[in-house]
Amino acid sequence: MEATASRFVSLLALCLLASMALMLGYYGPVELAVGPGCSRLVQASSVFVQGIKVSVDAGSQGSGGDLVLHGLPVAPPLDVPTEWPEARRVVVPANSHRQWTYFLNKGARLQAAYSVKSEDGVPHPLCIIIAQGESFMRWAEMPSLQNSTLFWRLVQGNGTIEQTVNLSSEYYIAVRNLNDHHDTTVQLEFRIRTLLYNTSGADYRCSPGPAGHGLCTYRLPFLGRNVAVLSSGHEERLNSDAQHVKLSYEPRWTVYVVGSVVLALVLLLLYEILDLLFGPCTGGGGGADRRRPLLEDKEDDAASLGSSYDSVSHDGSDDREPEGRGEGGGGCVLCCDAPKDCFFLPCGHSATCYACGARIVEENGGCPFCRRKLKKVRRIFAV
């Protein structure tokens, strides 16, 4: 009983650790980019999550009231086209970069017209990158991320670039000044066409920006199919360093706790069944006999010796004793006091002193080595 309780506690601890990994890993808090024109679908299992939370730091810049968390009973269609222009004039310091992050849905198209001018009048090329992700620095430091690059080109003077997005994700447009000594001014005019989720059927709306409450929580019904959409307007023109909100999931604690207990019980039951069917030594079936002690309390070795000696056969056919000390010599494996001075029939193993061996035969026990049923015990005499 104690062994079963110990196994259950161990399995329960393992299941709770797995629940914590799911809670803090897959459903852990993340920061999301919500640049202009963001329309991001947020989905979570209502079995494990009871609420979707979106919060904005009160000191963050550019997080206006047009950032809205929508709650819907089902995933909405992605069928609302939108388009907006942005004009930016920036000075890129020597050996530095500027970037703008957007969340664009599948099918979005980005057009950028550029005009590059050097501070000293000498033309210096800039590098324009359009890539999937959040940070140009990660792109520059980890070459393995460069396979997510959609566009990369050295530009100078005037020109236009276009790029189509085939996967809903976060993207950034970065301008890198490769010159080590001179700043460069670039005039950029973006025109972005994308599709937004249709949130007209939303049953929940909340703005976590400064105009709202700073925190929005959308409650999910148990076993429901509800989703959330995080959207932002494109009139605000958020700065690239203030385009993040914190998304977190409120766990459904009852499911985690009850599920861990049930899973631990199922694993324990499965273990007991496998142990009964395929346990060692007996090959299955005799689980209770296998766990029964070979001997009860050894109170009177002398009495046991006399009774057992009378109970076994001493016919002349077995008077010849084997030479040596049995299975490699040594002490009795049961009492650990006396030397091995007997062997069992019919298996022939020597494992105990004669007193312990006689007690095993009396109680219809099995050989400590092979568990074979014993018929007789014979003393070993050393000469």
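Is Glu86 buried or exposed? Keep that in mind while you look around; the answer comes at the fourth stop. What you have open is a predicted model.

**Stop 1: the whole protein**

Start with everything shown as a cartoon. The protein has six helices and 18 strands. Of its 383 residues, 41% are buried. Now think about which parts of the chain touch each other. Among contacts between residues at least 6 apart in sequence, 78% join residues at least 24 apart. If you switch on a surface, you are looking at about 20400 Å² of exposed area, and carbon and sulfur atoms supply 55% of it.

**Stop 2: helix α1**

Select residues 2-26, which form helix α1. Try a distance between the C-alpha atoms at its two ends: they are 36 Å apart. At 1.5 Å a residue, the 25 residues of this helix should span 36 Å, so the two values agree.

Next, show the side chains of Cys15, Ser19 and Met23, which are buried residues of α1. What covers them? The cover over the buried residues of α1 includes strand β16 (244-251) and helix α3 (253-278). Color those two elements and look at them together with α1.

**Stop 3: strand β12 and its partners**

Select residues 184-197, strand β12. Then add residues 78-92, strand β5. These two strands run antiparallel and are joined by 14 bridges. To see one pairing up close, pick Ala87 and find its bridge partner in β12, Glu189.

Strand β12 has another partner to visit. Select residues 109-118, strand β7, which pairs with β12 in the antiparallel sense over 10 bridges. Here, pick Ala112 and look for Phe190 of β12 standing opposite.

**Stop 4: a salt bridge between buried residues**

Side chains of opposite charge can pair when their charged atoms come close. How many salt bridges does the structure hold? There are eight.

Show Glu86 and Arg88 as sticks. They form a salt bridge, with the closest N and O atoms 2.5 Å apart. Now for the opening question: Glu86 counts as buried because its relative accessibility is 2%, and buried means under 20%. Its partner Arg88, at 12%, counts as buried as well.

**Stop 5: a salt bridge between two strands**

Move on to Glu250 and Arg219. The closest N and O atoms of this salt bridge are 2.4 Å apart. Glu250 lies in strand β16 and Arg219 in strand β14 (residues 215-219), so the pair ties together parts that are 31 residues apart in sequence. You met β16 earlier, as part of what covers the buried residues of α1. Glu250 is buried at 16% relative accessibility, whereas Arg219 is partly exposed at 48%.

**Stop 6: a loop meets a strand**

Finally, select Asp341 and Arg379, whose side chains meet in a salt bridge of 3.7 Å, N to O. Asp341 sits in the loop between α5 (301-311) and β17 (342-345), while Arg379 belongs to strand β18 (residues 376-379), so this pair ties together parts that are 38 residues apart in sequence. Asp341 is buried, with a relative accessible area of 18%. Arg379 is partly exposed, with 25%.

Before you close the viewer, show Glu83, Arg191 and Arg193 together: salt bridges that share partners join them into one network.

Definitions and conventions
Residues numbered from 1 in each chain as written. Predicted model: local features only at pLDDT ≥ 70, side-chain atom pairs only at ≥ 80, totals over all residues. Heavy atoms only, no water. Helix = DSSP H or I, 4+ residues; strand = E, 2+ residues; numbered from the N terminus. Expected span 1.5 Å × (residues − 1). Buried < 20%, exposed > 50% of the residue type's maximum accessible area, 1.4 Å probe, protein only. Contact = heavy atoms within 4.5 Å. Pairing = 2+ DSSP bridges. Salt bridge = Lys/Arg side-chain N within 4 Å of Asp/Glu carboxyl O. Areas by Shrake-Rupley, 256 points an atom, 1.4 Å probe, with all protein chains shown as cover.
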